[in-house]
Amino acid sequence: MTTTAIRPGDRRISPVFVGILAVTAVTGWAAWTGFAEQPGVAVFLFVTSAWIVSLCLHEYAHARTALHGGDVSVAAKGYLTLNPLAYTHALLSVVLPVLFVIMGGIGLPGGAVFVDRGRIRGRGRHSLVSAAGPLTNVLFAVVCTAPFWLDALDGVPRDFRFALAFLALLQVTAALLNLLPVPGLDGYGVLEPWLPYRLRRQVEPFAPFGLLLVFALLWVPSVNGAFFGLVDAVLRGLGISDLDTYCGYDLYRFWRGGSEVCTVTG
């Protein structure tokens with residue numbers, strides 16, 4: 001089977017994704033200009049919609065890489081349209097990651113596209129399919145942090161700066177968590193093709209629980225502290241201070257009332 005079996009509509013960008021992009025643009029403009037009566041609402045909608053955009057791009061990267069690796073079935077499944085409703089499990093892919101952001105300010109990865117690995121030849125290609133998603137989060141983080149590490153914050157409104165900092169934190173946490181060598185996550189998917197067949201068969205039953213295991217471990221104070229210490233170190237290397245991410249999350253949770261520290265920060 002070749003890519004000639006792909007219909008033009010299989011590659012057409014979904015109106016759902018266009019709508020999410022529109023929400024991101026409008027709410028980003030509102031956060032930048034201070035148009036919204038409650039800036040926290042604009043920041044909440046901007047960060048949430050931008051986070052969903054990054055989730056769609058993450059899954060698209062998996063699917064697009066799989067397509068070039070030989071799995072043309074991803075097109076018929078709608079994975080190339082960037083439509084989050086076309087994913088294997090919309091609840092795991094979109095709803096739960098958004099809830100994790102609201103509850104804990106963490107970009108926990110969700111469910112994904114289903115790739116027919118039998119169509120892909122070569123261990124390197126299998127690893128690349130798994131790595132494509134987290135690399136998209138890395139690229140997204142670089143874009144979000146560009147004004148910080150380029151020292152180009154002059155003229156950037158405070159609330160929008162905080163929103164970008166928090167969005168960058170979500171991308172960094174998503175990339176780091178996804179790259180963990182835990183069954184069910186992309187990091188294990190990168191390593192899996194190179195592991196002995198017997199070991200892969202033994203680990204396979206645990207894959208559905210990998211994400212839950214990571215989530216549970218993050219509730220352990222020592223693990224949580226170590227992980228976010230690493231996240232903060234990465235963000236500081238990209239020019240973002242702890243105060244920026246703290247105020248971004250504080251502003252995001254507008255229903256809790258803003259912190260005075262963030263209110264007076266310029």
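Me: Which residues does V214 touch, not counting residues up to four places away in sequence?
Reply: In this predicted model, V214 touches L108, L177, L180, V182 and L185 once residues up to four places away in sequence are set aside. V214 itself is found in helix 9, which covers residues 210–217.

Me: Why does V214 count as buried?
Reply: The relative accessibility of V214 is 5%, and since buried means under 20% relative accessible area, V214 falls in the buried class. A further value places V214 with respect to D159: the two are 55 residues apart along the chain, and their C-alpha atoms are separated by 31 Å.

Me: What makes the pair H62 and D186 a polar contact?
Reply: The side chains of H62 and D186 are joined at 3.2 Å, and because the limit for a pair of N or O atoms is 3.5 Å, the pair is counted as a polar contact. H62 lies in helix 2, residues 39–69, and with a relative accessibility of 5% H62 counts as buried. Leaving aside neighbours within four places in sequence, the residues in contact with H62 include V113, V129, S130 and A132, as well as D186.

Me: How do you know whether N137 is buried or exposed?
Reply: The relative accessibility of N137 is 3%, which is to be set against the limit of under 20% for a buried residue, and therefore N137 counts as buried. N137 is found in helix 5, and its side chain is joined to that of H58 by a polar contact of 2.8 Å. Beyond four places away in sequence, N137 touches S54, H58, Q171, A174, A175 and N178, with H58 thus named both as a touching residue and as the partner in the polar contact.

Me: What is the class of F148, buried or exposed, and why?
Reply: F148 has a relative accessible area of 7%, and because a residue under 20% is called buried, F148 is given that class. The place of F148 is in helix 5, and among the residues that F148 touches, not counting those up to four places away in sequence, are L153, R161, L164 and A165, together with L238, G239, I240 and D244. For R161, which is 13 residues from F148 along the chain, the C-alpha separation is 8.9 Å.

Me: Why is the phi of L82 singled out?
Reply: Most residues other than glycine have a negative phi. The phi of L82 is near 65°, a positive value, and L82 is not a glycine. L82 lies in the loop between helix 3 (73–76) and helix 4, and at 8% relative accessibility L82 counts as buried.

Me: What is the phi of D151, and where is the place of D151?
Reply: D151, which is not a glycine, has a positive phi of about 55°, and its place is in the loop between helix 5 (123–149) and helix 6. At 68% relative accessibility, set against a limit of over 50% for an exposed residue, D151 counts as exposed, whereas L82 counts as buried.

Me: Why is G104 called partly exposed?
Reply: G104 has a relative accessibility of 40%, and because that class lies between the limits of 20% and 50%, G104 counts as partly exposed. G104 is found in helix 4, and G104 and P15, 89 residues apart in sequence, are 30 Å apart in space, C-alpha to C-alpha.

Me: Which residues are closest to the centre of the second largest pocket, and how many line it?
Reply: The second largest pocket holds about 420 Å³ of space. It is lined by 17 residues, and those closest to its centre are G104, G105, I106, N224 and F228. Helix 4 (90–104), helix 6 (158–178), helix 10 (221–237) and helix 11 (242–252) each supply at least two lining residues, and helix 11 gives the most, with four. By class, the lining has eleven nonpolar, four polar and two charged residues.

Me: Which residues have the most contacts inside the largest nonpolar core?
Reply: V47, F166 and L170 have the most contacts inside this core of 66 residues, to which helix 2 gives the most, with 14 residues. Leaving aside neighbours within four places in sequence, L170 is in contact with V47, W51, V101, G105, I106 and G107; of these, G105 and I106 are also among the residues closest to the centre of the second largest pocket. In soluble globular proteins, nonpolar side chains tend to be buried together.

Conventions:
Residues are numbered from 1 along each chain as its sequence is written. This is a predicted model: local features need pLDDT of at least 70, side-chain atom pairs count only at pLDDT 80 or more; totals for chains, interfaces and linings use all residues. Side-chain values use heavy atoms; hydrogens and water are left out. On a 1 Å grid over the protein atoms alone, a cavity is a set of points where a 1.4 Å probe fits but cannot get out, and a pocket is an open set with protein on both sides within 12 Å along at least five of seven lines; lining residues have an atom within 4 Å of a point. Grid points are joined across faces, edges and corners, and a volume is the space filled by probe spheres set on the points. Ala, Val, Leu, Ile, Met, Phe, Trp, Tyr, Cys and Pro count as nonpolar, Asp, Glu, Lys and Arg as charged, and the others, Gly among them, as polar. Buried means under 20% relative accessible area, exposed over 50%, partly exposed in between (1.4 Å probe, protein chains only). A polar contact is a pair of N or O atoms within 3.5 Å; within protein, one must be able to donate a hydrogen and the other to accept it, and residues adjacent in sequence count only if both atoms are side-chain atoms. Contact means heavy atoms within 4.5 Å. A nonpolar core is a set of buried Ala, Val, Leu, Ile, Met, Phe, Trp, Tyr and Cys residues joined through side-chain atoms within 4.5 Å.
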